[in-house]
Amino acid sequence: MEDRRIDQRLPARRRMYDRVLRFVIWGCAVLCILLVVSLIGYILIRGLPNISWQLLSSQESYLNKTIGILPSILNTLYIIIAALLIVLPLGVGAAVYLNEYAKSGRLVRIIEFTTETLAGIPSIIYGLVGMMFFCQLLSLKTSLLSGALTLVIMILPTIVRTTQESLKTVPESYREGALGLGATKWYMIRTIILPSCIDGIVTGCILAIGRIVGESAALLFTAGMGLKLLGGFFTAMGGSGATLSVALYIYAMERGKFDVAFAVAAVLMVIVLVINFAAKQLGSRLKNKR
Amino acid sequence: MKAKQKSNESLQRLRRRIRAASELVMNIFFFLCGILAIGCVALISVYMILSGIPAIREIGLGEFLLGKVWASTASEPKFGILPFILTSIYGTVGATLIGVPIGLMTAVFLAKIAPRRLADKIRPAVDLLAGIPSVVYGLIGVSVLVPFIAAVFDLPKGTSLFAAILVLSVMILPSIISVSETALSAVPPEYEEASLALGATQIETIFKVSIPAAKSGIAAGVVLGIGRAIGEAMAVMMVAGNVANMPSLFGSVTFLTTAISKEMSYSSGLQRQALFSIALVLFLFIMLINVLLNILLKKNAKGGR
């Protein structure tokens, strides 16, 4: 398919068809690229000038009439840590079960189907269920902990999927070798299987962090909209606070402070760029190993 | 001496027992993790149904689904969600109409037309679109798109169904592009070579051979995009205006998702229950889409081989 020029001997109608569609394809591709570049460029150009040290390192003060997003940054961090701490054992465990333990193909199919289903449920529904189950039934109130637990269910599919992908790349001979030397199954998983799929697990974590950072609808009713500093990790877990995305929404829609909202958007954008880059990097390492 | 040997033996027996116990514990732990996903889906379904039914019972299914007026805080409240359902459907269809052709053409470009090195540069950029948080889309929508629409179409306010459709169509692009590209790349090269050998041009081959051959994969991408569009809340809430009107292209409208998130924080009583019923309707839509997606993906996996 080297020579892609249109044969001049083709009838005019076919030549027209070819030209027009080729133009449409190029047009759409260029449009998409322009869209990405202008979206990101616009956010950074409008947001970065509004970022100052004071904004990043303080909390909102009515007395000084200053705005700071430090509480939101900390809340985001806390929720990421809490959610990952809980979801990692569960998600990796589920993937290990699917790949190493499960014998019944039917159960595996059901589990995989429900995992896919979880990935497709919109975040607002997670928000509602999280509110009813964690905040009300388990009486955790509107707190970072409720938010983190809600996010655990949400990012479970991501962790399961990436871990499973990388478990599949561990050669069968490793397992046979370990078991042949007399290792028990758990010992084999602990010392051979998990260490050799660590980059898959890390990729899953990075993708999960991306989702947590961008999430807003699920956190609105579970983690709340507080903009005050909550203190250390464990005290913060019990308090209600907004993550960066939720704070963006509050500043843009409820306070009408678009400058601050764009500054938060720029911070989010930088985080997303870093996360995407890291995931790409790890992903390509994973592929090379295969 | 003998006593030492005996204690050694018992120590070893103890160790073996611990190992067997930990083996069993881990076995159970992994099994529980495995069925956790089933538990979560069951939990969500049960909660959605249990909390959604009471209000529907009280209001009446017909009145709830087909009522054209939503006045939840009026002295004589009315709970008709037809405006929300229609808005969600129109919004999703509109976003699909704009997003699918652009996304599909871009996927064709990436899979068949662009030189590989160019495609490898563009693909991560498109993936980036998927990573942008929805509130950021909303922010750009409300600060750029909405004033633009107001100015161009000479409207008092730009917040409208049209703005929501435009934002949604950008948000569904990445899922459509990446799934369709995968499907297009999986078309066996023999098909295309045969078509080229018969004298078809490259473009003719793409549109008459490659795309038809990849159609179930492309359909899966479209369905995935539809699922994303119908479930999106925050971005839409920021640009759609959130008035419970029957949908019109340049009117302020409320989607199923935004109806829930807008009133949830201050609702109580029957109003709150009605919001859960809206969530149930949304949940049923999503489940339908999920099942459809699963069927398409299975068909695709079979066809690819």
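The exercises below work through contacts, salt bridges and burial in a predicted model.

**Exercise 1. The interface between the chains**

Task: Describe how chain B meets chain A, starting with how many residues are in contact.

Solution.
- Step 1: Count the residues. Chain B brings 77 residues into contact with 79 residues of chain A.
- Step 2: Turn to area. The size of an interface is often given as the accessible area lost when the parts come together. Here chain B and chain A bury about 7,000 Å² between them. Carbon and sulfur atoms carry 82% of that area.
- Step 3: Count the polar links. Nine residue pairs are in polar contact across the interface of chain B and chain A, both residues at pLDDT 80 or more.
- Step 4: Find the main contributor on chain B. Helix α1 (residues 2-59) of chain B supplies 21 residues, the largest share of the side that touches chain A.
- Step 5: Sort that side of chain B by class. There are 54 nonpolar, 16 polar and seven charged residues.
- Step 6: Count the salt bridges. Chain B and chain A have two between them.

**Exercise 2. A salt bridge between chains**

Task: Take R14(A) and state which residue it pairs with in a salt bridge. Then place both partners and classify each as buried, partly exposed or exposed.

Solution.
- Step 1: Set the context. Over all chains, the count is ten salt bridges.
- Step 2: Identify the partner. R14(A) forms a salt bridge with E204(B). Their closest N and O atoms are 2.8 Å apart.
- Step 3: Locate both ends. R14(A) sits in helix α1 (residues 12-47) of chain A, and E204(B) sits in helix α8 (residues 202-213) of chain B, so the pair joins two chains.
- Step 4: Classify R14(A). Its relative accessibility is 29%, so R14(A) counts as partly exposed.
- Step 5: Classify E204(B). The cut-off for buried is under 20% relative accessible area. E204(B) has 7%, so E204(B) is buried.

**Exercise 3. One arginine, two acids**

Task: Trace the salt bridges of R123(B) to D120(B) and to E181(B), and say how far apart in the chain the partners lie.

Solution.
- Step 1: Start with D120(B). The side chains of R123(B) and D120(B) form a salt bridge, N to O at 3.0 Å.
- Step 2: Check the spacing. Both residues belong to helix α4 (residues 116-131) of chain B. They are three residues apart, about one turn of the helix.
- Step 3: Classify this pair. R123(B) has a relative accessible area of 28% and is partly exposed. D120(B), at 41%, is partly exposed.
- Step 4: Move to E181(B). Its salt bridge with R123(B) has closest N and O atoms 2.9 Å apart.
- Step 5: Check the spacing again. R123(B) is in helix α4 of chain B, and E181(B) is in helix α6 (residues 161-185) of chain B. The residues are 58 apart, and the pair links distant parts of the chain.
- Step 6: Classify E181(B). With a relative accessible area of 9%, E181(B) is buried.

**Exercise 4. Two domains in chain A**

Task: Describe the contact between domain 1 and domain 2 of chain A, and state which three residues supply 57% of the area that domain 1 buries against domain 2.

Solution.
- Step 1: Set the bounds. The assignment gives domain 1 (12-50) and domain 2 (55-289) in chain A.
- Step 2: Locate the centres. The C-alpha centres of the two domains lie 33 Å apart.
- Step 3: Count the residues in contact. Domain 1 of chain A gives eight, and domain 2 of chain A gives nine.
- Step 4: Read the area. The domains bury about 760 Å² between them, 79% of it on carbon and sulfur atoms.
- Step 5: Name the contributors. I43(A), R46(A) and N50(A) supply the 57%, more than any other three residues.
- Step 6: Look for polar links. There are zero salt bridges between the two domains. One residue pair is in polar contact, both residues at pLDDT 80 or more.
- Step 7: Sort the side of domain 1 that touches domain 2. Five residues are nonpolar, two are polar and one is charged.

**Exercise 5. A threonine and its neighbours**

Task: Is T158(A) buried or exposed, and which residues does it touch?

Solution.
- Step 1: Place T158(A). It lies in helix α6 (residues 144-168) of chain A.
- Step 2: Apply the cut-off. Buried means under 20% relative accessible area. T158(A) has 16%, so T158(A) is buried.
- Step 3: List the contacts. Leaving out residues up to four places away in sequence, T158(A) touches G204(A), L207(A), A208(A) and R211(A).

Technical notes. Residues are numbered from 1 along each chain as its sequence is written. Chains are lettered from A and ligands numbered from 1 in the order in which they are written. This is a predicted model: local features need pLDDT of at least 70, side-chain atom pairs count only at pLDDT 80 or more; totals for chains, interfaces and linings use all residues. Side-chain values use heavy atoms; hydrogens and water are left out. Contact means heavy atoms within 4.5 Å. Buried area is the accessible area (1.4 Å probe) that two parts lose on being put together, summed over both. A salt bridge is a side-chain nitrogen of Lys or Arg within 4 Å of a carboxyl oxygen of Asp or Glu. A polar contact is a pair of N or O atoms within 3.5 Å; within protein, one must be able to donate a hydrogen and the other to accept it, and residues adjacent in sequence count only if both atoms are side-chain atoms. Helices (H or I, at least four residues) and strands (E, at least two) are DSSP runs, numbered from the N terminus. Ala, Val, Leu, Ile, Met, Phe, Trp, Tyr, Cys and Pro count as nonpolar, Asp, Glu, Lys and Arg as charged, and the others, Gly among them, as polar. Buried means under 20% relative accessible area, exposed over 50%, partly exposed in between (1.4 Å probe, protein chains only). Domain bounds come from an automatic or database domain assignment.
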